[in-house]
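Hi everyone, thanks for making time this morning. I'd like to walk you through one model, going from the overall picture down to a few side chains.

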Amino acid sequence: MNTKKLTTQIVVAMVAGIAVGWLCHHLAKDAQAAKEIAGYFGIVTDIFLRMIKMIIAPLVFATLVGGLASMADGGAVGRIGLKAMIWFVSASAISLALGMLLVNLFQPGANLNLALPDVGAATNLKTGDFSLKGFFTHVFPKSIFEAMANNEILQILVFSLFFGSALAFVKGSGKSTIASGIEELTKVMFRITDCVMRFAPVGVFAAMAASITVEGIGVLASYGKLVGEFYLGLAILWAILFGIGFLFLGRSTGKLASLIREPILLAFSTASSESAYPKTITALERFGVSKRVSSFVLPLGYSFNLDGSMMYQAFAVMFIAQAYNIELTLMQQLTILLVLMVTSKGMAGVARASLVVVAATLPMFNLPEAGLLLIIGIDQFFDMGRTATNVVGNSVATAVVAKLENEISPVPAEAVVPGEAHGTYTAQRTPGTSAG
């Protein structure tokens, strides 16, 4: 099955899921019955996402360690990391500022005129443990096995950084059996990934059907203005990201956009960045990005470069303020931007991360936390867009960093062998040479 065929199947599955979900929503006797029906669809979705989570930890470990072990220059890690972080911070600022600008321009919550809720109104979101102190200590794993069991990407990245650097040092003194084993592990994990991805259309169908069964298509009409303006903002952000990418990548930016189409669809339809990770790293390799860059920058981006999530946070905070007719001065809005810029870097590993960040930010500016109840019901539809945007942002960031490091090169047709599943391509390179 080639890549285009899988992409077509995913699109068909999305449409079919919406249709079936609409039918189930109308046939259900009440809201409780709709939730029960959605629960059966949820079984399929959970199985697919569990299979994805099953491969994420070993895949990140194998690709990152293999990439680091191939770096002859120890300073390359710091140099690549610095360039990546400069991009991440810049992209974060653009995303937040654009979101704040658009929500002030469109005023989606201005006509709701809601009364302020009781101080004790709750949203059932746990924010007490969310702090910068907790984040920085959480970065370093107590156990690599615990980190892998919980799919803590950033903790796995830290351990892999140590392990890969040490392996590169050992490898420099002669042939390393461990390095060879890591290379074989990478091949095995990509093969497993191909097998899991065969189930993607079914998982996408179930995810869409479950969401529409509970909420109904009408929810999009009720919040159509807010959803439409948010997606317009995401479209503008995509244009900006690809535009900046064009300054570095030139005309090949179009090729990158085409290659990441499949992981974008997966991320959008499942609202899960994890489901898109294996295909994103494969797409970047097909684009010509060296493994040692993609395997380092991409996992880092999953923790520090969530462009879509940050635009959503700006939208959500200002929408809630507008809904309750709370005026915020320009200085207060700039302060909110700075707070979101910092706190959003602690989102990795937090359940319903974007909502949690917003919930933790609202009390700082005397905004009602219960305002989240206005958008929790349709958060799934926001999540789909922001997750797809995160994939776009991380893909462009990785490609640009690779270009700056001269670690990107066209993959000649004769050097690419299509895989048996989904047209996965693996560049055939001479052993011992750089992937770039």
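So, what you see here is a predicted model. The protein chain has 19 helices and two strands. Of its 436 residues, 54% count as buried. Now look at contacts between residues at least 6 apart in sequence: 84% of these join residues at least 24 apart. On the outside, the chain exposes about 19200 Å², and carbon and sulfur atoms supply 65% of that.

A quick word on cysteines. How many disulfides does the structure hold? Zero. Cys 24 is buried, at 14% relative accessible area, whereas Cys 195 is partly exposed, at 42%.

Let's pick out one helix, α10, which covers residues 224–249. With 26 residues at 1.5 Å a residue, α10 should span 38 Å, and its end C-alpha atoms lie 36 Å apart, which agrees. Its buried residues include Leu 226, Phe 230, Leu 234, Leu 237 and Leu 241. Glu 229 is on that buried list too, as are Gly 233 and Gly 245. Right after α10 comes Gly 250, with a positive phi near 70°.

Now for my favourite part, the charged pairs. Side chains of opposite charge can pair when their charged atoms come close. How many salt bridges does a search of the whole structure find? Five, and I'll show you three of them.

First up, Glu 405 and Arg 79 meet in a salt bridge, at 2.9 Å from N to O. This pair links distant parts of the chain: Glu 405 sits in the loop between α19 and β1, Arg 79 sits in helix α3, and 326 residues separate them. Glu 405 is buried, with a relative accessible area of 11%, while Arg 79 is partly exposed, at 34%.

Next, please find helix α7, residues 177–197. Here Glu 184 forms a salt bridge with Lys 187, with the closest N and O atoms 3.7 Å apart. These two are about one helical turn from each other, because they are three residues apart in the helix. Is Lys 187 buried or exposed? Lys 187 counts as exposed, at 56% relative accessibility, and Glu 184 counts as partly exposed, at 44%.

Finally, Arg 386 and Asp 383 pair up in α19, again three residues apart, with 3.2 Å from N to O. Arg 386 counts as buried at 4% relative accessibility, and Asp 383 counts as buried at 17%. Elsewhere, salt bridges that share partners join Arg 79, Lys 83 and Glu 405 into one network.

That's my tour, and I'm happy to take questions.

Methods
Residues are numbered from 1 along each chain as its sequence is written. This is a predicted model: local features need pLDDT of at least 70, side-chain atom pairs count only at pLDDT 80 or more; totals for chains, interfaces and linings use all residues. Side-chain values use heavy atoms; hydrogens and water are left out. Helices (H or I, at least four residues) and strands (E, at least two) are DSSP runs, numbered from the N terminus. Buried means under 20% relative accessible area, exposed over 50%, partly exposed in between (1.4 Å probe, protein chains only). Contact means heavy atoms within 4.5 Å. Accessible areas come from the Shrake-Rupley method with a 1.4 Å probe; for residues, only the protein chains shown count as cover. A disulfide is a pair of cysteine sulfur atoms within 2.5 Å. The expected span of a helix is 1.5 Å times one less than its number of residues. A salt bridge is a side-chain nitrogen of Lys or Arg within 4 Å of a carboxyl oxygen of Asp or Glu.
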